[in-house]
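Dear colleague,

I am passing on the structure below, and I would ask you to open it beside this message, so that you can look up each residue as it is named. After it you will find what came out of the analysis.

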Amino acid sequence: MRGATRLSVAAALAALALVGCRATIDSEDLEDQIKQGVEAQTDAQVSSVECPDDVAPEAGATFECTATADDGSTATITVTQKDDQG
């Protein structure tokens, strides 16, 4: 994942919109969306994405997820929440 130390993935924001008014962000759905977004925007094949399980919806809040490529390289994905609806 060359040059992918920090990625802002639009798909991650779309995934956040899908989780509604839950007490925490649905990390599994978000991880799937990030994986798809990274693969669509880069030549990397992503083997996994890990996001925290305890993120509360909060407008403007950020948190980080880690993507791991098939070759073992990693990238930090910074996710910014667009609203407090998740």
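**Asp-53 and its contacts**

Leaving aside residues up to four places away in sequence, Asp-53 touches Thr-24 and Ser-27. Please keep in mind from the start that this is a predicted model. Asp-53 belongs to the loop between β2 and β3, and with a relative accessibility of 59% Asp-53 counts as exposed. Although Asp-53 and Thr-24 are 29 residues apart along the chain, their C-alpha atoms are separated by 7.6 Å.

**The overall picture**

The protein has 2 helices and 4 strands, and if you follow the elements from the N terminus on, you will meet them in the order β-α-α-β-β-β. There are 86 residues in the protein, of which 38% count as buried. The protein exposes about 4800 Å², and carbon and sulfur atoms supply 44% of that area. If you take the contacts between residues at least 6 apart in sequence, 52% of them join residues at least 24 apart.

**Charges**

How many salt bridges does the structure hold? The structure holds 1, and it is formed by Glu-39 with Lys-35, whose closest N and O atoms are 3.2 Å apart. As a general point, side chains of opposite charge can pair when their charged atoms come close. Both Glu-39 and Lys-35 lie in helix α2, where they are 4 residues apart, or about one turn of the helix. Glu-39 counts as partly exposed because its relative accessibility is 23%, and Lys-35 is likewise partly exposed, with a relative accessible area of 27%.

Glu-31 also lies in helix α2, which covers residues 27-41. Is Glu-31 buried or exposed? Glu-31 is buried, yet has no salt bridge, and the nearest side chain of opposite charge, that of Lys-35, is 11 Å away. A salt bridge needs a side-chain nitrogen of Lys or Arg within 4 Å of a carboxyl oxygen of Asp or Glu. Not counting residues up to four places away in sequence, Glu-31 touches Val-49, Glu-50 and Cys-51.

One of those contacts, Glu-50, lies in strand β2, which runs over residues 46-50, and Glu-50 counts as exposed because its relative accessibility is 52%. Glu-50 also takes part in a patch of negative charge on the surface, where it gathers with Glu-28, Asp-29, Asp-32, Asp-53 and Asp-54. Which element supplies the largest share of the negative patch? The largest share, 3 residues, comes from α2. You will recognise Asp-53, described at the start of these findings, as one of the residues in this patch.

**Two more places to look at**

Ser-48 is found in strand β2, and because its relative accessible area is 25%, Ser-48 is partly exposed. Apart from residues up to four places away in sequence, Ser-48 touches Thr-66, Ala-67 and Thr-68. If you turn to Gly-72, which is 24 residues from Ser-48 along the chain, you will find that the C-alpha atoms of these two residues are separated by 10.0 Å.

Ala-59 is found in the loop between β2 and β3, the latter strand covering residues 62-69, and with a relative accessible area of 47% Ala-59 is partly exposed. Once residues up to four places away in sequence are set aside, Ala-59 touches Gln-81, Lys-82, Asp-83 and Asp-84. The C-alpha atoms of Ala-59 and Thr-80 are separated by 8.2 Å, while the two residues are 21 residues apart along the chain.

With best wishes

Definitions and conventions: Residues are numbered from 1 along each chain as its sequence is written. This is a predicted model: local features need pLDDT of at least 70, side-chain atom pairs count only at pLDDT 80 or more; totals for chains, interfaces and linings use all residues. Side-chain values use heavy atoms; hydrogens and water are left out. Buried means under 20% relative accessible area, exposed over 50%, partly exposed in between (1.4 Å probe, protein chains only). Lys and Arg count as positive and Asp and Glu as negative; His and the chain ends are not counted. Contact means heavy atoms within 4.5 Å. Accessible areas come from the Shrake-Rupley method with a 1.4 Å probe; for residues, only the protein chains shown count as cover. Patches are made of residues with over 30% relative accessible area and no salt bridge: like charges are joined within 9 Å, nonpolar side chains (Val, Leu, Ile, Met, Phe, Trp, Tyr) within 5 Å. The place of a charge is taken as NZ of Lys, CZ of Arg, CG of Asp or CD of Glu.
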